[in-house]
Amino acid sequence: MKYFFLVLIILSLNSCYSLKNVSIPPELQTYYINKFDNKTFNSPPVITQLFEEKLLNKIRNESRLRYQEIDPNIEFSGAIVGYNVLSVAPEPNETTAFNRLQITVQVSYENSLDEKDKWQQNFSFFENYSSDVNLLDVQDNLISLIYDQIVEDIFNKAFTNW
């Protein structure tokens, strides 16, 4: 009976792992992330580099694809098109309980091996922070959290069709 449960656990763990790259066809071997433009006027200057680095690390760590600048099978490009700070949850006396940082990234995806496999889409996410906190004090952490979700959404769209 112990062996049965051991085998069952091993099979279930193995099946979970094997699903990781199921949607990446075997002929796809390489990817490239083109420089993203910054089309916002009020964002930190390094915002595009931070995004490119997050996307690069996600694909490198969670797929079998190799980074290649010349003739890649898959290419990502786009721009940061939104960096907005909004007041949320109004309170009496024209104050707010918290603020929201929202970032929108426009992404183009192109598969050079399949001319039908290309798309362009905006991905957006936000994080809230207390209105009594200075944005500059929490900005780096908020950007990182927002990019984590946006990159996850892009990865899922590109490789798992979620």
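Partly exposed, in this talk, means a relative accessible area between the buried limit of 20% and the exposed limit of 50%. Asp148, at 39%, therefore counts as partly exposed. I will come back to that residue.

First, what we are looking at. This is a predicted model. The protein chain has an average pLDDT of 86, and 81% of the residues score at least 70. Two stretches do worse. Over residues 4–8 the pLDDT stays under 50, and the model gives them zero contacts beyond four places in sequence. Residues 13–19 also stay under 50, again with zero contacts beyond four places in sequence. Where pLDDT is low, the coordinates should not be read in detail. I will leave those stretches there.

Now helix H2, residues 47–62. How far apart should its ends be? At 1.5 Å a residue, its 16 residues should span 22 Å, and the end C-alpha atoms are 23 Å apart, which agrees.

Which residues of H2 are buried? They are Ile47, Thr48, Phe51, Glu52, Leu55, Leu56, Lys58 and Ile59. These cover an arc of only 165° around the axis, which puts them on the same side of H2. The general background is that an α-helix has 3.6 residues a turn, so residues three or four places apart point the same way.

Next, the core. The largest nonpolar core has 34 residues, and Phe51, Phe76 and Ile103 touch the most other members. Several elements give two or more residues to this core: strand E1, helix H2, strands E4, E5 and E6, and helix H3. H3 gives the most, with 11 residues. As a general point, nonpolar side chains in soluble globular proteins tend to be buried together.

Take Ile103 as an example. Leaving aside neighbours within four places in sequence, Ile103 is in contact with a list of residues that includes Ile47, Ile80, Phe123, Phe125, Ile143 and Ile150. Gly82 and Ser124 are also among its contacts.

That leaves the salt bridges. How many does the structure hold? There are four. I will go through three pairs.

The pair Lys35 and Glu52 has its closest N and O atoms 3.9 Å apart. Lys35 sits in the loop between E1 and strand E2, and Glu52 sits in H2, so this salt bridge ties together parts that are 17 residues apart in sequence. Are the two partners buried or exposed? Lys35 counts as exposed, because its relative accessibility is 61%. Glu52 is buried, at 11%.

The second pair brings back Asp148, which forms a salt bridge with Lys54, with 2.5 Å between the closest N and O atoms. Asp148 lies in H3 and Lys54 in H2, so the pair ties together parts that are 94 residues apart in sequence. Lys54 is partly exposed, with a relative accessible area of 25%.

In the third pair, the side chains of Lys58 and Glu152 meet at 2.4 Å, N to O. This pair also links distant parts of the chain, with Lys58 in H2 and Glu152 in H3, 94 residues apart. Lys58 is buried, at 12%, while Glu152 is partly exposed, at 28%. Salt bridges that share partners join Lys58, Glu62 and Glu152 into one network.

To close, back to H2. Its residue Phe51 is one of the three that touch the most other members of the core, and its residues Lys54 and Lys58 pair with residues of H3. That is all I have.

Methods
Residues numbered from 1 in each chain as written. Predicted model: local features only at pLDDT ≥ 70, side-chain atom pairs only at ≥ 80, totals over all residues. Heavy atoms only, no water. Helix = DSSP H or I, 4+ residues; strand = E, 2+ residues; numbered from the N terminus. Expected span 1.5 Å × (residues − 1). Buried < 20%, exposed > 50% of the residue type's maximum accessible area, 1.4 Å probe, protein only. Arc of directions from axis to C-beta. Core = buried A, V, L, I, M, F, W, Y, C linked by side-chain atoms within 4.5 Å. Contact = heavy atoms within 4.5 Å. pLDDT = per-residue confidence, 0-100.
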